[in-house]
Amino acid sequence: MAASPSPAGGGGAGAAHGSGPSSFAFDSGLEIKTRSVEQTLLPLVSQITTLINHKDNTKKSDKTLQAIQRVGQAVNLAVGRFVKVGEAIANENWDLKEEINIACIEAKQAGETIAALTDVSSLNRPESDGQITIFTDKTGVIKAARLLLSSVTRVLLLADRVVIKQIIRSRNKVLATMERLEKVNSFQEFVQIFSQFGNEMVEFAHLTGDRQNDLKDEKKKAKMAAARSVLEKCTMMLLTASKTCLRHPNCESAHKNKEGVFDRMKVALDKVIEIVTECKPNGESDISSISVFTGIKEFKMNIETLRENLCFQSKETLSAMLEALLERMEDFTDCAYTSHEHRERILELSAQARMELQQLVSVWIQAQSRKTKSIAEELELTILKISHNLNELKKELHSTAAQLAADLLKYHADHVVLKALKLTGVEGNLEGLAEYACKLSEQKERLVETCRLLRHVSGTEPLEITCLHAEETFQVTGQQIISAAETLTLHPSSKIAKENLDVFCEAWESQISDMSTLLREINDVFEGRRGEKYGYLSLPKPMKNSANLRSLKADKPDSEEQAKIAKLGLRLGLLTSDANCEIEKWEDQENEMVLYGRNMSSMAYSLYLFTRGEGPLKTYQDLIHQLEVFAEEGLKLASSVQAFSKQLKDDDKLMLLLEINKFVPLCHQLQTIIKTPLQNQVFLKVDKCITKARSMMAVLVQLLSLCYKLLKKLMENNRWVSVTTVDGKT
């Protein structure tokens, strides 16, 4: 979509992640029309360029002239379709109708002019040696083309304003209904208003999802995804928090819990408007500090300019830049969770960077006074040395943050504190509540600190925004869980208070899972992989039934298809994180079940990246080839699990076989879908395949978890038998 002006009515400050388009289904005729307008423009540009670039004063055959005429007619037809779309938008938006109609009339006139000027049949064509001399008004064609492109651009800008106004109107409706929900006193009234609120949120989710897909700026796209993620998760929180408040009107913690949800949703709504209108309230600027990696990149660029121009930078500027950079590294060295080894190494490399900058300044001064080959070589050497030092610093900082995050995710994978809080709540244990609330606060602070360090080493602006979103989510949700747990502890028999605590705990667990995906993406960026985690993620070769794939489109999904499969991929991405968490629990990482499980998780991750338009899979053929291997890997895993089940006792064996009996049919069903030809229904096939793969991953997570527990139990029993045999007694 074209860059848009900022209409009145926007404003707000906000929160800043990766969820894709919303899963809500809402059809917007305007969105379809505006997409059509933009798609119509593309062939116009190509055709007009063809017309203007044909050479003057050259003899052309009749065939060439006919081709030029066909281009002119094609332009006119495309303009006709464009004008119809523009008029439809105008009829639905009376405030812009006159402006859009004027632009459409100009576009139509320009298209007709181009068609007339390229009409060969109207020319007097003197024949000479079987050749015809072109006699067209090229100046007229250029003038008409400029008018056409100008009017088309105006329609696009106006259509963009319509979409923005529609989002603002939708946001205002949501806010108005939220105000009514805040003041409601009866349960019956709440249910009625919340039903309306749900419909309005569905509409808003759809409009903002489409807008997110249209954004070209990856930074804005990440901010929009973060704000939409907050709204999606908070909608369910708002429901249970409000119901708890109505059921326990005199409970202070219940009111605090509800107010927190309303405040966060309002901030997220304002953030969306800030993004679509491209303006910040009261001229505010982005106050988030520059990351260490960004600072290192800028400092290296300034150092390297000295190769071309010794006077481009001042020594004071470079020294100030380095000191500011080293000051930001104090986030790592001052962090209580940074290991002694990492802290010492960072401080050592920081001191070395200061010394090498002093050396660089010394050589720099000499190079300015005497320009010899030896001095130039020494300057180059000092630049290389300081660049190498900064690269080593980057590695150390990344290693520090990544290790902290990985250890933290592994330690809290079982969510022991959340389970304890739920238990103390239903028992009405106020002392237990105080103890575990303190533990959750400590966990929250550690997660927030880790997200801050990850933001420094994330490597890209969209990932920085995702880290900031994770940081804010842990900060807010942690406090909300404590207030929800307090409400349940005060009212231990309240079902709605228990349900409310469950919802907030689920949001926390979901953010932990998102953080696992975030860490993997940061590692991929640092190592230059962008999602290819293992060697076997390279595209599989066509297999025996690949003849059936020839009917598949070899190109990438179009924008509409990409939006649809993005909705399918969200859950798949979360499931790969869940599977990885289960895999990391195993002590024996070379266990056959672990290897097959890791293979499947990695391939599922590449499928997830495909739904986002990223990763190693580029076309539908690539996707189906990957799914073939995915299904076969699943059957290998099932075979391995079946072999393991033979070592178990009857009850455990039965439990495991029940899970295998869920998993194997899914593998066969996926293979059947892949082999079934679906002529002209490629997207339907892809849709079914991804849905089936998602179901397989859900069962895989359960299967890996059960196998791990049963293997642990088996090993403990074997050790017990061994001890009994040696001692001769129990």
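# A guided tour, starting at His415

Select His415 to begin: its relative accessibility is 16%, and it counts as buried (buried means under 20% relative accessible area, exposed over 50%, and partly exposed in between, with a 1.4 Å probe and protein chains only). The model on display is a predicted one, in which local features need pLDDT of at least 70 and side-chain atom pairs count only at pLDDT 80 or more, while totals for chains, interfaces and linings use all residues. Residues are numbered from 1 along each chain as its sequence is written, and side-chain values use heavy atoms, with hydrogens and water left out.

Remain at His415 and display the backbone. This residue lies in the loop between α12 (373-411) and α13 (416-427); helices (H or I, at least four residues) and strands (E, at least two) are DSSP runs, numbered from the N terminus. The phi angle of His415 is positive, about 55°, although the residue is not a glycine.

**The whole protein**

Zoom out to the full model. The protein contains 21 helices and three strands, and 49% of its 730 residues count as buried. About 34,900 Å² of the protein is exposed, with carbon and sulfur atoms supplying 52% of that area (accessible areas come from the Shrake-Rupley method with a 1.4 Å probe, and for residues only the protein chains shown count as cover).

**Val75 and Ala145**

Next, select Val75 in helix α2 (residues 62-92). Val75 is buried, at a relative accessible area of 0%. Add Gly111 to the selection: it is 36 residues from Val75 in sequence, yet the two C-alpha atoms are 6.4 Å apart.

Continue to Ala145, which is found in helix α4 (residues 138-183) and is buried at 2% relative accessibility. Here the residue to add is Ile114, 31 residues away along the chain, with 7.4 Å between the two C-alpha atoms.

**Helices α5 and α6**

Now show α5 (residues 187-214) together with α6 (residues 218-247). Two packed helices are described by the angle between their axes and by the distance between those axes. For α5 and α6 the angle is about 175° and the axes are 10 Å apart; axes are lines fitted to C-alpha atoms, for helices over the stretch in contact, and angles run from 0 to 180 degrees between N-to-C directions. The two helices are therefore roughly antiparallel (angles under 35 degrees count as roughly parallel, over 145 as roughly antiparallel, 65 to 115 as roughly perpendicular and the rest as oblique). Residues making the contact include Phe187, Phe190, Phe194, Phe197 and Phe204 of α5 and Leu231, Leu238, Leu239 and Leu246 of α6. Contact means heavy atoms within 4.5 Å.

**Cys251 and Asn257**

Select Cys251, which counts as buried at 6% relative accessibility. Its closest cysteine sulfur is that of Cys245, but the distance of 7.8 Å is too far for a bond. A search of the whole structure finds zero disulfides, a disulfide being a pair of cysteine sulfur atoms within 2.5 Å.

Move on to Asn257 in helix α7 (residues 252-277). What is the relative accessible area of Asn257? Asn257 is buried, and the value is 1%. Its side chain is joined to that of Asn500 by a polar contact of 3.0 Å (a pair of N or O atoms within 3.5 Å; within protein, one must be able to donate a hydrogen and the other to accept it, and residues adjacent in sequence count only if both atoms are side-chain atoms). Not counting residues up to four places away in sequence, Asn257 touches Ala241, Gln480, Ser483, Ala484, Asn500 and Phe504.

**Helices α16 and α18**

Display α16 (residues 495-526) and α18 (residues 592-611), whose axes come within 14 Å and cross at roughly 85°. The angle makes α16 roughly perpendicular to α18. To see where they meet, select Thr517, Arg520, Glu521 and Asp524 in α16 with Ser601, Tyr605 and Tyr608 in α18.

**Ala579**

The last stop is Ala579 in helix α17 (residues 559-585). Ala579 is buried, with a relative accessible area of 0%. Apart from neighbours within four places in sequence, Ala579 is in contact with Ser601, Met697, Val701 and Leu704. Add Arg598 as well: it is 19 residues from Ala579 in sequence, and 7.9 Å separates them from C-alpha to C-alpha.
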